[in-house]
Structures are given as C-alpha cells and as structure tokens.
Amino acid sequence: MDARLIGYWSESEVHPGSTEYTELGFRADGTGWQYWSSWSTEFVVHRFTWDGAASRLALRLGMVLDGTWSLDGERTRHRVERREHVDTQLTLGCSLTDEPKLELDRPIDEMLGGTQFLFVPGGGADPTLA
C-alpha cells in the first residue's frame, strides 16, 4: 500500500468553479470513498477498499449511496435516498507527482468521476457516515 495516497484528494482544486466535482478519500486501514457532488444538489458516494502500489490502484467497490444535499447554515447535510451493495473490482493506472497530484488513467465511475486530484491537507470525511 502506497502511504502517499492516504488522505483526501479533490478535483475541485484542479478545476475551481466547476458545477460538479469528485473527491477521493483513502484511509490507512485500506478503506475509502469517492464523493461526487453537483450544484443540482445531487450526490453519489462509492465506498471501497483499496490497495495501491507504484502505478496501480486496485479497488473493490462495496456500496453505492446517492441522494441530495442541502445547506443548513454553513453546514452541508446529505439525505441518502438509495443504498446499494455492490461487489465490483477495478484496477486503475495511477501516478503521483510532488505537488502532490494524483492522476488516474480513467475515472472510478465513468459517468461521475474525475481523473486529476490535488491533495487537500486536513482533508474531509465520507459525508454519508454522519
């Protein structure tokens, strides 16, 4: 497992002002998530386990959650409307640069994902766990 992946990565840092974005979280215990959100107030979370080494990222998707988000003052609230267990394995090519920047050779989800992410110090958390 490549410890440089551990943390929070955001596509919004690469494309500021975009109407939708994808974020990735990689935990040291080998679990993680992909969060996609749109200004239309829709969101999707893919939860996965992962292992990454050198130029390869192996993921096993275990759950997909989707729904809508809303603002409550300065806090964003997520309402999960659908929860689906899945068992999908993916192997992606990846590279890490010194910025640090993570680049995937293809999105985790073809419809929702990005391929370029910058590291966000302090990071975030899977918004559907709260």
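**View 1. The whole protein chain, with zero helices and eight strands in its secondary structure.** This is a predicted model, and when the chain is read along the sequence, its elements follow the pattern β-β-β-β-β-β-β-β. The radius of gyration of the protein chain is 14 Å, close to the 14 Å that the globule rule gives for 130 residues, so the chain is as compact as a globular protein of that length. Measured out along its principal axes, the C-alpha trace spans about 40 × 30 × 25 Å.

**View 2. The closed barrel of eight strands.** The strands follow one another around the barrel in the order β1-β2-β3-β4-β5-β6-β7-β8, and their pairing is antiparallel. From one strand to the next, the twist averages 30 degrees.

**View 3. Strand β1 and its two partners, β8 and β2.** Strand β1, which covers residues 7–10, runs antiparallel to strand β8, residues 116–119, and two bridges join them. Within this pairing, W9 has F119 of β8 as its bridge partner, while S10 has L118 of β8 as its bridge partner. Strand β1 also pairs with strand β2, residues 20–26, in the antiparallel sense and over four bridges. In that pairing, S10 stands opposite E23 of β2, so to speak of S10 is to name a residue with a partner in β8 and a partner in β2.**View 4. The aromatic pair of Y21 and Y35.** A pair of aromatic rings is described by the distance of the centres and the angle of the planes. The count of aromatic pairs in this model comes to six. For Y21 and Y35, the ring centres are 6.4 Å apart and the planes stand at 65 degrees, which is over the cut-off of 60 degrees, so the pair is edge-to-face. The pair links distant parts of the chain, since Y21 lies in strand β2 and Y35 lies in strand β3, residues 31–38, with their positions 14 residues apart. Is each of these residues buried or partly exposed? Y21 is partly exposed, because its relative accessible area is 23%, whereas Y35, at 6% relative accessibility, counts as buried because values under 20% fall in that class.

**View 5. The aromatic pair of F26 and W50.** The rings of F26 and W50 form an edge-to-face pair, with 5.0 Å from centre to centre and 75 degrees between the planes. This pair, too, links distant parts of the chain, for F26 belongs to strand β2 and W50 to strand β4, residues 42–53, and the two residues are 24 residues apart. Both F26 and W50 are buried.

**View 6. The cluster of Y21, Y35 and F43.** Ring pairs link these three residues into a cluster, and the edge-to-face pair of Y21 and Y35 shown in View 4 joins two of its members.

**View 7. The surface and the contacts of the protein chain.** The protein chain exposes about 7100 Å², and carbon and sulfur atoms supply 49% of this area. Of its 130 residues, 39% count as buried. Among the contacts in the chain with a separation of 6 or more, residues 24 or more positions apart account for 43%.

Technical notes. Residues numbered from 1 in each chain as written. Predicted model: local features only at pLDDT ≥ 70, side-chain atom pairs only at ≥ 80, totals over all residues. Heavy atoms only, no water. Pairing = 2+ DSSP bridges. Axes fitted to C-alpha atoms, helices over the stretch in contact; angles between N-to-C directions. Phe/Tyr/Trp six-rings, centres within 6.5 Å; stacked < 30°, edge-to-face > 60°. Buried < 20%, exposed > 50% of the residue type's maximum accessible area, 1.4 Å probe, protein only. Rg over C-alpha atoms; globule rule 2.2 N^0.38 Å. Contact = heavy atoms within 4.5 Å. Areas by Shrake-Rupley, 256 points an atom, 1.4 Å probe, with all protein chains shown as cover.
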